[in-house]
Amino acid sequence: MSLSKSITKRLPAAGLALIAVAALGLAGCSQEKAEVKDIIRPVKVVQIAQANDTRELSYSGSVRARTEMNLGFRVNGKITERLADIGQRVKPGDVLARIDPADYELSVRSAEAGLDAAERQVETVDLTRKRAEQLFAKNFTSKSQLEQATLSYNQAVATRDSARSQLAQAKNQVGYTDLKAGQNGIVTAINADVGQVVGAGTPVMTVAVDGEKEVLIAVPETDIADFKPGKVVKASFWSDDALTLNGKVREVAGSADQQSRTFAVRVSLPNDQRVLLGMTANIEASADNNSPQRVSIPLSALAQKDGQSIVWTVDRSGDTVHERTVKVAEFTADGVRVAEGLKPGDVVVAAGTQFMTENLKVKLAGDATQQSASADDESDAARRVR
């Protein structure tokens, strides 16, 4: 009898069963490990597209008149009438509002009385001067008396001229109680109404002067260098998709707004009757792509490891994934903008990054066209999925 048969006889039946189970378990583990090595995980990816040489800038603004007049009274007073409404067309000489002229009419009467008194005084001293000349000619008075009479007459004439000027000024102030339009235009705003007491120069109405129209847009400091006076841009309008005009940058603000930190840019428009004040316009301009390229990728493609932002790139030659550190520029509504770490042509895992490991074999999910992420365009983070 052999040694193995002898051992078999010595072992109890339970021991034999335990050895058989262990052998089967080891065989199962070996088979499972072999299956794990053969797993190829399907992944969804995005491909970084080649950056364009130019960028398209787009900003929205409103149509407004090139010249807007803030009209106010030239004298103080209480507004008694308002004769124009918002949207009303006006022409030179039209009365827009009035203030109470009572006090200024009293000033006219006072000035008239002062002028009348000054004229009577001139007549009086003129008689005295003429009498002094007659007496001096007959050697009845001295030359000094004649000179004094002449001086009194000159003073009276000056007083009369001053009274005339005061009367003319008082009449002008009565005329200033009517607020009149100076040019053809349309009323766009009313800042004061009947019953309100306003000071001289206080804006009461705003009139947009007929003529050239323009679009006012706000441009951030990152793009303001691409807007220079004379630059040709394209203007489109939300109210009419078919209406597109070529505009020209007329003016660029010299400093940024303190609150919004943007620069006001005015774009002149050609004369077109379809363009109305207050319409919303979209200004499109081309700019050289001289700034560092920033790639937009989906947020799901970004992962964290050891405090650093990473993505998983796919090696197309071996269909394996590899970890790559990237520098995030900013988070947007469409994904993440990456400043460094990716270049055109890179294929990035777009979802399931938590299951990725170095050199893991993958296959691109589906047969669809590969998804692209374009540089320097936040809204083009992913369009085609493979």
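**Salt bridges and a three-stranded sheet**

At 44% relative accessibility, D85 falls in the partly exposed class. The model looked at here is a predicted one, and D85 is a handy way into its charged pairs. The partner of D85 is R82, and the salt bridge between them brings the closest N and O atoms to 2.8 Å apart. R82 is partly exposed too, with a relative accessibility of 27%. Neither residue counts as buried, because that label needs a value under 20%, and the figures are 44% for D85 and 27% for R82.

That pair belongs to a bigger set: the structure holds 24 salt bridges. Another of them ties R66 to E212, with 2.9 Å between the closest N and O atoms. Here the two partners come from distant parts of the chain, 146 residues apart. R66 sits in the loop between β3 (54–65) and β4 (68–71), while E212 belongs to the loop between β11 (205–209) and β12 (213–220). So this is a link from one loop to another, and what about the surroundings of its two ends? R66 is partly exposed, at 40% relative accessible area, and E212 also counts as partly exposed, at 33%.

D94 and K91 make a further pair, their side chains meeting in a salt bridge at 3.4 Å from N to O. D94 has a relative accessibility of 22%, which puts it among the partly exposed residues; the cut-off for buried is under 20%. K91, at 48%, is partly exposed as well, and exposed would take a value over 50%. Elsewhere, salt bridges do not just come in pairs: D126, R129, K130 and E133 are joined into one network by bridges that share partners.

Turning to the strands, three of them form an open sheet in the order β17-β22-β21, with antiparallel pairing. The edges are taken by β17 (295–297) and β21 (327–332); each has a single partner strand, so one side of each is left without a neighbour in the sheet. From one strand to the next, the twist averages 30°. Strands in a sheet are held in pairs by backbone hydrogen bonds, in either a parallel or an antiparallel arrangement. In the case of β17 and β22 (residues 335–340), the pairing is antiparallel and runs over three bridges. Within this pairing, S296 stands opposite R337 of β22.

Methods:
Residues numbered from 1 in each chain as written. Predicted model: local features only at pLDDT ≥ 70, side-chain atom pairs only at ≥ 80, totals over all residues. Heavy atoms only, no water. Salt bridge = Lys/Arg side-chain N within 4 Å of Asp/Glu carboxyl O. Helix = DSSP H or I, 4+ residues; strand = E, 2+ residues; numbered from the N terminus. Buried < 20%, exposed > 50% of the residue type's maximum accessible area, 1.4 Å probe, protein only. Pairing = 2+ DSSP bridges. Axes fitted to C-alpha atoms, helices over the stretch in contact; angles between N-to-C directions.
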